[in-house]
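Open the model in your viewer and keep the sequence panel beside it. The stops below go from the whole chain to single side chains.

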Amino acid sequence: MESLPIATDTVVTLSYVLFNEKGEAVDQASTAEPLIYVHGYAQIVPGLERALEGLRAGEQREITVEPEDAFGEREDDGVFEVDKADFPDASEVEVGDEFVAQGPDGEPIALRVVDILPDGFRVDTNHPLAGQKVRFQVQVSDVRAASEEEIAQAQAELEERIEESEGGCCGHDHDHSHHHEHGEVLVTLSKKSS
């Protein structure tokens, strides 16, 4: 029996290797620990999701994705300085360390240390691959129809992400300041486990 083609409301199991613009492998999901997602609910980057449409189990592809359809463009205001006092164990922080900060609305903000300054750190909240054209080598292992529960969960997660991205982070409309003033953003800071 021929497998289903990848389409909305299918559960896709795939392995991949992700390459940055320099051609370095920066992420992967192996066949032993594959990526499993419900297609059509923005659970993976949009350019990859579109390119996988119609593929079947057993197929392999190399897919190049432009920045705007991958990890977004770099935002200059995503790079800012933070006081050393805001960091746990500031003396042990190194360039490249990743932390998760809690923003003013309680949402998690991933940030990476890009420079050590005399009394602070320069951090970057952009995705490490923002602004880069990336390449995926993918192999589709399985495609099956999603259950009603899987579809409902994927739909709920998508709605939650849309609400967060529209600033509807707390269920009502008002202006949230997202300034990166001294000490304002970092309510809680914890080292990201790698």
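Two strands pair if DSSP finds at least two bridges between them. Helices (H or I, at least four residues) and strands (E, at least two) are DSSP runs, numbered from the N terminus. This is a predicted model, in which local features need pLDDT of at least 70 and side-chain atom pairs count only at pLDDT 80 or more, while totals for chains, interfaces and linings use all residues. Residues are numbered from 1 along each chain as its sequence is written, and side-chain values use heavy atoms, with hydrogens and water left out.

**Whole chain**

Colour the model by pLDDT, the predictor's confidence in each residue, from 0 to 100. The mean pLDDT of the protein chain is 84, and 85% of its residues reach 70 or more. Now select residues 168-188, where the pLDDT is below 50; beyond near neighbours in sequence, this stretch has 34 contacts in the model. Contact means heavy atoms within 4.5 Å.

Switch to a cartoon view. The protein chain has two helices and 10 strands, and from the N terminus on the order is β-β-β-α-β-β-β-β-β-β-α-β. Among contacts with a separation of 6 or more, 68% are between residues 24 or more positions apart. Of the 194 residues, 32% count as buried, where buried means under 20% relative accessible area, exposed over 50%, and partly exposed in between (1.4 Å probe, protein chains only).

**Strand β1 and its partners**

Select strand β1, residues 10-19. Nine of its 10 residues are buried, so β1 is largely enclosed by the rest of the structure. Which strands does β1 pair with?

- β9 runs antiparallel to β1, and 10 bridges join the two. To see one of the partners, pick Val17 and Gln137.
- β3 is also antiparallel to β1, with four bridges. Here Thr13 stands opposite Ile36.
- β2 (residues 25-29) pairs with β1 in the antiparallel sense over four bridges. Leu18 has Asp27 as its bridge partner in β2.

Between β1 and β2, look at the hairpin: five residues lie between the strands, and Gly23 takes a positive phi near 90°.

**From β6 to β8**

Next select β6 (98-102) and strand β7 (residues 108-116), which run antiparallel and are joined by five bridges. Val100 stands opposite Ala110 in β7. The hairpin of β6 and β7 has five residues between the strands, and in it Gly106 takes a positive phi near 90°.

Add strand β8 (residues 120-124), which runs antiparallel to β7 with four bridges between them. Val113 in β7 stands opposite Val123 in β8. The hairpin that joins these strands passes through three residues.

**Aromatic rings**

Show the side chains of Phe, Tyr and Trp. A pair of aromatic rings is described by the distance of the centres and the angle of the planes. Rings of Phe, Tyr and Trp (its six-membered ring) pair if their centres lie within 6.5 Å; planes under 30 degrees apart count as stacked, over 60 as edge-to-face and the rest as tilted. How many aromatic pairs does the structure hold? There are three.

Go to Tyr16 and Phe136. Their ring centres are 5.9 Å apart and their planes at 70°, so the pair is edge-to-face. Tyr16 belongs to strand β1 and Phe136 to strand β9 (residues 134-145), so the pair links distant parts of the chain, 120 residues apart. Tyr16 is buried, with a relative accessible area of 13%, and Phe136 is buried at 4%.

Then move to Phe87 and Phe99, whose ring centres lie 5.0 Å apart with planes at 90°, so this pair is edge-to-face. Phe87 is in the loop between β5 (79-83) and β6, and Phe99 is in strand β6. Both Phe87 and Phe99 are buried. Add Phe121 to the selection: ring pairs link Phe87, Phe99 and Phe121 into a cluster.

**Charges over rings**

A charge sits over a ring if NZ of Lys or CZ of Arg is within 6 Å of the ring centre and within 35 degrees of the ring normal. With Phe121 still selected, add Lys84, whose charged end sits over the ring, 5.5 Å from its centre. For another case, select Phe19 and Arg135: the charged end of Arg135 is over the ring of Phe19, 4.2 Å from its centre.

**Last stop: Ala42**

Select Ala42, in the loop between β3 (35-38) and α1 (46-52). Is this residue buried, exposed or partly exposed? Ala42 counts as partly exposed, at 39% relative accessibility. Not counting residues up to four places away in sequence, Ala42 touches Glu49, Leu158 and Arg161. Ala42 and Arg161 are 119 residues apart in sequence and 9.2 Å apart in space, C-alpha to C-alpha.
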